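Please read the points below with the model open beside you. They go through two annotated spans, two sheets, a helix and a few backbone details.

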Amino acid sequence: MSTDPAAGPPEAPSHPLDPFSADEFRSTAALLARNHGVAEGWRFHSIELLEPSKQALADHAMGGPRPPRKGMVTCSDTTRNATYKAVVSLTEDAVESFTHIPGVQANFTVDEFEECDQVLRGHPDVIAALKKRGITDLDLVFMDTWTYGDAVAPDKYRDRRLGWSDTWLRSEPGANPYAHPVSGLHCVIDLNTMELLEIEDNGGVEPPNVMGEYVPSRIPERIRAESRRQPLKPLEITQPDGPSFTLEGNKLTWQNWSLRVGFNHREGMTLHAVTYNDGGRERSVAHRLSFAEMMVPYRDHCEDHYRRTAFDIGEWGLGFMTTSLELGCDCLGEIRYLDAVLHNSKGEPYTITNAICIHEEDNAVLWKHVDHDAGAEVRRMRRLTVSFHVTVANYEYLVYWRFYQDGNIECEVRATGIMVTTPIAPGGTHPHGTLVDERTYAPFHQHFLVARLDLDVDGTQNTVYASETQIEPMGPANPYGLSLVQRNTPLRTEEEGKQDMNWSTQRAWKVVNTNTTNGLGTHPAYKLVPGDAIPAMFDPASPVFARAEVIGHTVWVTQNSPDERWPAGEYVNQSATDKGLGEWTKANRSIDNTDVVLWYTFGIHHITRPEDWPIMPADTVSFWLKPFGFFDRNPSLDVAPSPSAHCHPTSSTSPESSGGHCHD
């Protein structure tokens with residue numbers, strides 16, 4: 001297929017929400033090169049599908065015209081340090097807009113990260129600084145470039161596109177690059193010119209004797225000998241008849257659920273058009289589910305860490321950091337994969353093979369009761385899991401969306417990988433971290449995740465209620481102090497929509513469609529059940545907190561606007577203040593019976609442990625979306641029992657063979 005715009009637009013995908021194809025990336029880059037000279041000296045920071053409006057999608061579903069295929073682009077002229085935002089119509093073979101956005105820096109690209117490493121390791125001043133520390137084999141050195149926030153950027157360089165670097169040293173070729181930090185050595189880089197602006201070098205600390213390896217062949221024998229764990233016997237998960245879900249292009253259907261899987265550079269995997277077939281009626285649950293920001297501030301003001309606040313979604317992009325699931329045993333069972341197509345900073349497409357994993361999982365018992373006369377009825381729980389994994393420098397984040405037969409949706413995130421560590425001088429202190437190895441501490445830090453939940457419960461017009469349990473006062477009507485009451489308070493404005501976790505009342509939030517009723521005469525709803533909400537723990541005057549006010553509340557509810565996608569602002573690289581939720585909600589718009597978005601902040605309050613070193617066992621956080629009056633009764637009553645051949649004890653009574661295939 002031709003990618004020359006003069007030859008016409010690339011072939012339209014099967015559905016208007018399908019992610020951009022390789023040809024569409026090429027055509028978008030070619031259009032901007034042709035119309036605006038975006039070529040040599042420019043970088044493409046992001047190219048993504050400009051998603052059609054809800055109304056356009058609804059019209060198309062009813063037989064109306066296909067929405068035009070459009071792309072949204074952020075690019076920069078590196079020779080002038082100028083950022084541009086463009087809208088391209090592939091359908092019309094035209095650039096609809098090309099706008100200079102002054103005073104902002106676009107997201108970092110993978111190309112810039114790799115170029116920085118090469119430039120710094122080859123710079124004579126860096127080589128000299130390393131030589132002072134006795135480091136002469138540059139093949140063992142790794143320069144890890146981070147982004148800046150405005151408050152900590154050097155004043156004299158604030159008009160540039162900046163990065164700062166950590167330096168790491170492998171003990172030998174192929175060893176863990178994050179095991180041995182070169183303390184006190186940091187570089188300041190202009191990413192447009194790839195110019196070394198400054199070296200910060202306080203001489204560092206004499207390196208301690210650290211065991212930072214996790215690959216078995218590299219772990220010293222003395223440590224391996226301390227524990228001789230017996231190997232596990234195989235656990236086989238087979239589905240000889242294939243999976244129970246159907247995947248047609250990017251459309252996924254399973255057990256009354258239907259959804260579309262999307263992907264872009266910033267959010268990574270996105271889920272769209274989530275519906276549930278309720279007795280032949282296709283009912284809307286959510287228009288779009290995704291992660292919109294991830295802020296990781298390191299809570300240590302020392303020289304090595306005071307700049308270390310990452311916006312992994314806004315500054316880098318989960319899509320760009322997504323890893324192929326063909327590289328490890330990440331999913332078990334009968335698996336189907338989706339590839340993802342992205343682009344480099346020249347606009348050239350590339351494919352992440354097996355970027356998204358789709359499979360079913362057994363999850364113990366769905367429901368059960370044993371009746372004295374009728375015997376036992378038990379159903380096993382099956383769930384559909386859609387997942388993707390990202391590697392952001394030293395950390396891995398594993399994202400799982402799970403759909404259940406009873407209408408529940410669970411979102412789980414696991415964090416693993418390698419902690420940042422710092423050596424300390426003999427007799428030194430480490431008040432802002434935990435000692436994890438000889439004279440080595442890992443600083444405390446937090447991982448704030450922000451989910452963007454565009455729920456459409458039986459339609460777009462919804463109202464959010466704060467739902468809380470309260471103690472009814474003791475008195476004549478409640479003489480034993482037993483009674484509890486449930487208070488449901490409608491949130492009418494965006495100011496009221498700023499909500500916080502309250503453990504004492506078990507506060508949750510219901511997205512309710514007050515325009516319709518279920519068979520019981522109440523309104524259908526889906527309930528956000530919070531999990532792992534963590535406090536910001538920032539002084540309100542902190543310039544770090546000022547960049548992301550979203551972490552100051554557990555939940556924000558806003559009026560839906562297609563331009564409001566990023567809770568800390570569209571351009572968080574080198575940002576000084578919040579240009580997202582903190583700014584939008586000043587208008588205090590109505591959120592009563594309208595199209596709303598919930599923003600849910602949760603995460604990991606990581607008080608580091610020795611057990612997290614040298615590689616961190618996965619730390620798991622999650623939240624749930626649960627139907628509340630969406631159904632008239634348990635929607636999983638029709639789940640079939642497990643076949644008897646799969647649910648019986650073995651005949652042998654020996655310890656090795658006792659048990660069965662299908663027990664609680």
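1. Helices (H or I, at least four residues) and strands (E, at least two) are DSSP runs, numbered from the N terminus. This is a predicted model, in which local features need pLDDT of at least 70 and side-chain atom pairs count only at pLDDT 80 or more, while totals for chains, interfaces and linings use all residues. Residues are numbered from 1 along each chain as its sequence is written, and side-chain values use heavy atoms, with hydrogens and water left out.

2. Two spans carry a UniProt annotation. An unreviewed UniProt entry gives residues 15-97 as "domain: Copper amine oxidase N2-terminal", and residues 108-203 are given there, also unreviewed, as "domain: Copper amine oxidase N3-terminal". UniProt positions are in the numbering used here, feature names are shortened, and annotations may be inferred rather than shown by experiment. Residues 15-97 are 28% helix and 34% strand, with the end C-alpha atoms 24 Å apart. For residues 108-203 the content is 22% helix and 28% strand, and the end C-alpha atoms lie 29 Å apart.

3. Strands 5, 6, 7 and 8 form an open antiparallel sheet in the order 5-6-7-8; two strands pair if DSSP finds at least two bridges between them. Strand 5 and strand 8 are the edges, each with a single partner strand, so one side of each has no neighbour in the sheet. Neighbouring strands are turned by 30° against each other on average, direction ignored. Six bridges hold the antiparallel pair of strand 5 and strand 6, and Thr145 stands opposite Ser165 in strand 6.

4. Which strands does helix 3 lie across? Helix 3 lies across strand 5, strand 6, strand 7 and strand 8, and runs at about 130° to strand 5. Helix 4 lies across strand 5, strand 6, strand 7 and strand 8 too, running at about 20° to strand 8. Axes here are lines fitted to C-alpha atoms, for helices over the stretch in contact (heavy atoms within 4.5 Å), and angles run from 0 to 180 degrees between N-to-C directions.

5. Helix 4 (residues 124-132) has the buried residues Val126, Ala129 and Leu130. Those residues cover an arc of only 100° around the axis, which puts them on the same side of helix 4; the arc is that of the directions from the helix axis to the C-beta atoms. Buried means under 20% relative accessible area, exposed over 50%, and partly exposed in between (1.4 Å probe, protein chains only). The cover over the buried residues includes helix 3 (110-121), strand 5 (141-146) and strand 6 (162-169). On the face turned away from the buried side are the exposed residues Pro124, Lys131 and Lys132. Gly134, with a positive phi near 85°, follows helix 4.

6. The other sheet is open, with ten strands in the order 15-16-17-18-19-30-27-26-24-25 and antiparallel pairing. Why is one side of strand 15 (336-343) and of strand 25 (484-490) left without a neighbour in the sheet? Each stands at an edge and has a single partner strand. The twist averages 25° from one strand to the next. Helix 1 (residues 22-36) packs on this sheet, touching strand 15 and strand 16 (349-371), and its direction makes about 10° with that of strand 15.

7. At one end of the ten-strand order, strand 24 (residues 463-471) is joined to strand 25 by seven bridges, and the two run antiparallel. Ile471 stands opposite Leu484 in strand 25.

8. Arg380 lies in strand 17 (residues 375-392) and is buried at 17% relative accessible area. Its side chain makes a polar contact of 2.6 Å with that of Asp362. A polar contact is a pair of N or O atoms within 3.5 Å; within protein, one must be able to donate a hydrogen and the other to accept it, and residues adjacent in sequence count only if both atoms are side-chain atoms.

9. Some backbone values deserve a check. Most residues other than glycine have a negative phi, and most peptide bonds are trans. Met194 has a phi near 55°; Met194 sits in the loop between strand 7 (185-190) and strand 8 (195-201) and is buried, at 15% relative accessible area. Gln255 has a positive phi of about 45°; Gln255 is in the loop between strand 10 (251-254) and strand 11 (257-264) and is partly exposed at 39%.

10. The peptide bond from Trp613 to Pro614 is cis, with omega near 5°. Pro614 belongs to the loop between strand 29 (596-606) and strand 30 (616-628).
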